[in-house]
Every structure is written in structure tokens, then in C-alpha cells.
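Colleague: I am new to this structure and would be grateful for a close look at its interior. Please treat the aromatic rings, the buried charged side chains and the enclosed or open spaces as one connected account.

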Amino acid sequence: MSKFCSLFAKPFPIIGMIHVGALPGTPLYKGHMNKLISEAQAEANIYRKCGVDGVLVENMHDIPYIRPRDGLGPEITSAMTRVTLAVRETIPDIPCGVQILAGCNREALAVAKVCQLQFIRAEGFVFGHMADEGFTDACAGSLLRYRKQIDAEDVLVLTDIKKKHSSHAITSDVSITETAGAAEFFLSDGLIVTGSSTGASAEQGDLQALRAIGH
């Protein structure tokens with residue numbers, strides 16, 4: 001976790017989310033790519049004025065989500081590259097990351113590399129789970145090898161554990177602290193703990209348990 005501490009001055013930084021509008025090829029796309037870019041830049045400026053510790057760009061409105069193996073097209077990766085680069089140029093002094101749904105962690109790393117971002121948010125790093133878009137398998141081994149392959153080791157991989165909008169029945173005998181330990185052992189640069197859905201707070205007991213073991 002030393003890379004995390006060198007990037008953020010706080011152990012629990014405030015990272016503002018930029019939820020990009022629906023991108024080309026998705027059901028809700030309205031045909032206004034330039035508008036998506038300008039809206040993302042405007043949100044970035046708001047976060048800068050509010051003094052956040054970092055910003056994460058995410059394609060939240062590309063519903064229903066699709067996984068890479070099910071046909072995610074290159075248009076999403078290229079569109080996210082364009083939007084994220086604009087955000088990065090707008091707030092060059094704030095750590096910036098990217099997440100591409102659903103589970104498009106390699107694509108996010110590629111975007112982060114070319115846009116000179118500091119981190120990505122990765123789903124399914126350790127232990128598989130059933131998400132609303134289907135099964136998400138563990139990916140730490142292949143993802144970090146890909147990071148090495150494209151010379152992006154300066155890009156931190158922040159990883160969800162017991163991720164929201166997912167069923168974890170298949171790993172119900174693995175506690176959140178054991179999951180965190182596995183993520184650390186598999187070289188995660190930082191952990192993300194969520195509630196059961198977007199907007200829901202994380203369970204206080206989970207946070208206390210992780211804090212007690214030094215995460």
C-alpha cells in the first residue's frame with residue numbers, strides 16, 4: 001500500500017466521481033460526444049473548487065453494462081480515452097483515475113497509460129462474484145501481468161472487495177478481512193469498500209474489522 005500513501009496524503013482520501021453520460025454504441029447514447037466531454041470537464045472543475053483528493057471517471061450511464069468477453073466494443077475504450085484525457089487536462093494537479101464498466105480492467109489500464117492517469121478502479125480483483133451483469137471472475141494475475149506488459153506500473157490498481165450490486169453467496173465463507181488479505185497478497189494498491197448499492201453506506205462493522213487489521 002506504499003504507492004497509495006505516496007499518491008494520497010490521507011489514508012481515506014475523498015475521490016469525486018465523474019459519471020460520464022452514455023457513450024456511443026450504448027442504448028442511451030444521444031449523439032452528442034462533445035457535450036459529454038464538456039460536462040465531464042465542468043464536473044472536474046467543480047471538484048477542484050471543492051478541494052477533493054482525487055477524481056475517478058466512470059462510464060456509469062452505459063446501461064445495461066456488458067463485459068469484455070460478451071462484446072464490449074473498442075468505441076467505448078476510445079470514447080473513455082477522449083473524455084478522460086479532457087478531464088486530466090482540466091485538472092492536471094489532482095490525481096485522476098478511470099473505471100470502465102463492467103469489469104473492463106485491462107481497458108481501463110490502457111486508458112490510464114495513454115492519458116497519464118494515476119490509478120484505476122478494478123472489479124473482481126480477487127474472488128469471483130455474481131454481479132447484475134453476470135459472473136465476474138478474479139483477475140489479479142492477468143491484470144497485473146498486463147500492467148507490466150504495457151509498462152504501466154506507475155498506475156495504481158485500487159480494488160473493490162465484496163463489491164456492491166453483487167451476490168457473494170459463492171464466497172460467503174470468506175470474510176471481508178480474508179478478502180482484503182488476499183487482495184493485499186495479490187499486490188492490490190488500495191482497497192475499496194462499498195455498501196450493497198450505489199449511494200448506500202458501507203457497513204460500519206466491515207470498516208472497523210478492516211481497520212483493526214491495518215487496512
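**Inside the model**

Modeller: Searching the whole structure gives three aromatic pairs (rings of Phe, Tyr and Trp, the last by its six-membered ring, with centres within 6.5 Å; planes under 30 degrees apart are stacked, over 60 edge-to-face, the rest tilted). The model is predicted, so local features need pLDDT of at least 70 and side-chain atom pairs pLDDT 80 or more, while totals for chains, interfaces and linings use all residues. Residues are numbered from 1 along each chain as its sequence is written, and side-chain values use heavy atoms, leaving out hydrogens and water.

One of these pairs is F4 with F8, a tilted arrangement with 5.2 Å centre to centre and 50° between the planes. F8 also pairs with F119: their centres are 5.9 Å apart and their planes stand at 65°, so this pair is edge-to-face. The second pairing joins distant parts of the chain, since F8 lies in the loop between α1 (2-7) and β1 (15-19) and F119 in strand β4 (residues 119-122), 111 residues apart. Helices (H or I, at least four residues) and strands (E, at least two) are DSSP runs, numbered from the N terminus. Through these ring pairs, F4, F8 and F119 form a cluster. F4 counts as buried because its relative accessibility is 13% (buried is under 20%, exposed over 50%, partly exposed in between, with a 1.4 Å probe and protein chains only). F8 is buried at 3%, and F119 is buried at 1%.

Strand β4 also holds R121. R121 is buried, with a relative accessible area of 8%, and its side chain makes a polar contact of 2.8 Å with the side chain of D160 (N or O atoms within 3.5 Å, where within protein one can donate a hydrogen and the other accept it; residues adjacent in sequence count only if both atoms are side-chain atoms). Another buried charged residue is D189, at 7%, in the loop between α6 (176-185) and β9 (190-193). The side chain of D189 reaches the backbone nitrogen of V157 at 2.8 Å.

A further arginine, R106, lies over the face of Y146, 4.1 Å from the ring centre (NZ of Lys or CZ of Arg within 6 Å of the ring centre and within 35 degrees of the ring normal).

As for empty space, the whole structure has one cavity of 30 Å³ or more. On a 1 Å grid over the protein atoms alone, a cavity holds points where a 1.4 Å probe fits but cannot get out, a pocket is an open set with protein on both sides within 12 Å along at least five of seven lines, and lining residues have an atom within 4 Å of a point. The largest cavity has a volume of about 80 Å³, volume being the space filled by probe spheres on grid points joined across faces, edges and corners. Its lining has 14 residues, with V126, F127, K162, H168 and T179 nearest the centre.

The second largest pocket has a volume of about 300 Å³. Its lining comprises 18 residues, and P68, R69, G103, N105 and C139 are the closest to its centre. α4 (105-115), β6 (134-136) and α5 (140-149) each supply at least two of the lining residues, and the largest share, three residues, comes from α4.
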